[in-house]
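Q: Please take a close look at one part of this model, the aromatic side chains and how they pair. Set the confidence first, then walk through the geometry, and finish with the surroundings.

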Amino acid sequence: PYEDPQDYGVNAARAGLVEGLKRYFDEKPIRDRQIGDVVVIRQSKLSCHVGIIVERILGGRSCEYIVHANNRDGKVVEEPLEPNLGRIHNAYRWRL
């Protein structure tokens, strides 16, 4: 069983986003990330958004992307990981 809190806002730190992830996932430094890891993304100064690292093959080369909901566009998007590394808090891997 898991909890699905839906009463959070922009200040996810207050809502326990990272603490909630740590209940089910192991925290990893972003340099140790793997495909399928969940990442916490900072918006402004707050770590309040999550995405999933995925792999895309472009021109025969493996590239890391983040899949996440984009409030600005109102849809789920894929964005390259590399330009967003400065906004990423840490990676979280499902605890097996």
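**Aromatic pairs in context**

A: Confidence first. It is lowest in helix α1 (residues 12-15), with a mean of 56, and highest in β1, at 95. This is a predicted model. Across the protein, pLDDT averages 85, and 83% of the residues score at least 70.

Now the rings. Searching the whole structure gives two aromatic pairs. One of them joins Tyr24 and Trp94. Their ring centres are 6.5 Å apart, and the planes meet at 10°. Planes under 30 degrees apart count as stacked, and Tyr24 with Trp94 is classed that way. Tyr24 belongs to helix α2 (residues 17-24) and Trp94 to strand β6 (residues 88-94), so this pair ties together parts 70 residues apart in sequence. Tyr24 has a relative accessibility of 26%, so it counts as partly exposed.

Phe25 also pairs with Trp94. Here the centres are 4.9 Å apart and the planes stand at 80°, so the arrangement is edge-to-face. The cut-off for that class is over 60 degrees. Phe25 sits in strand β1 (residues 25-28) and Trp94 in strand β6, so the pair ties together parts that are 69 residues apart in sequence. Phe25 has 14% relative accessibility and therefore counts as buried. Put together, ring pairs link Tyr24, Phe25 and Trp94 into a cluster.

A charge over a ring comes next. Arg56 lies over the face of Tyr65, 5.2 Å from the ring centre.

Next, the hairpin. Strands β4 (residues 61-70) and β5 (residues 75-80) pair in the antiparallel sense, over six bridges. Val67 has Glu78 in β5 as its bridge partner. Four residues separate the strands of this hairpin, and Gly74 takes a positive phi near 70° there.

Last, a loop glycine. Gly36 is in the loop between β1 and β2 (38-43). Its relative accessibility is 47%, so Gly36 counts as partly exposed. Setting aside neighbours within four places in sequence, Gly36 is in contact with Ile52 and Ile53. The C-alpha atoms of Gly36 and Ala91 are 9.7 Å apart, with the two positions 55 residues apart along the chain.

To recap the cluster: Trp94 is stacked with Tyr24 and edge-to-face with Phe25.

How values were computed: Residues numbered from 1 in each chain as written. Heavy atoms only, no water. Phe/Tyr/Trp six-rings, centres within 6.5 Å; stacked < 30°, edge-to-face > 60°. Helix = DSSP H or I, 4+ residues; strand = E, 2+ residues; numbered from the N terminus. Buried < 20%, exposed > 50% of the residue type's maximum accessible area, 1.4 Å probe, protein only. Lys NZ or Arg CZ within 6 Å of the ring centre and 35° of its normal. Contact = heavy atoms within 4.5 Å. pLDDT = per-residue confidence, 0-100. Pairing = 2+ DSSP bridges.
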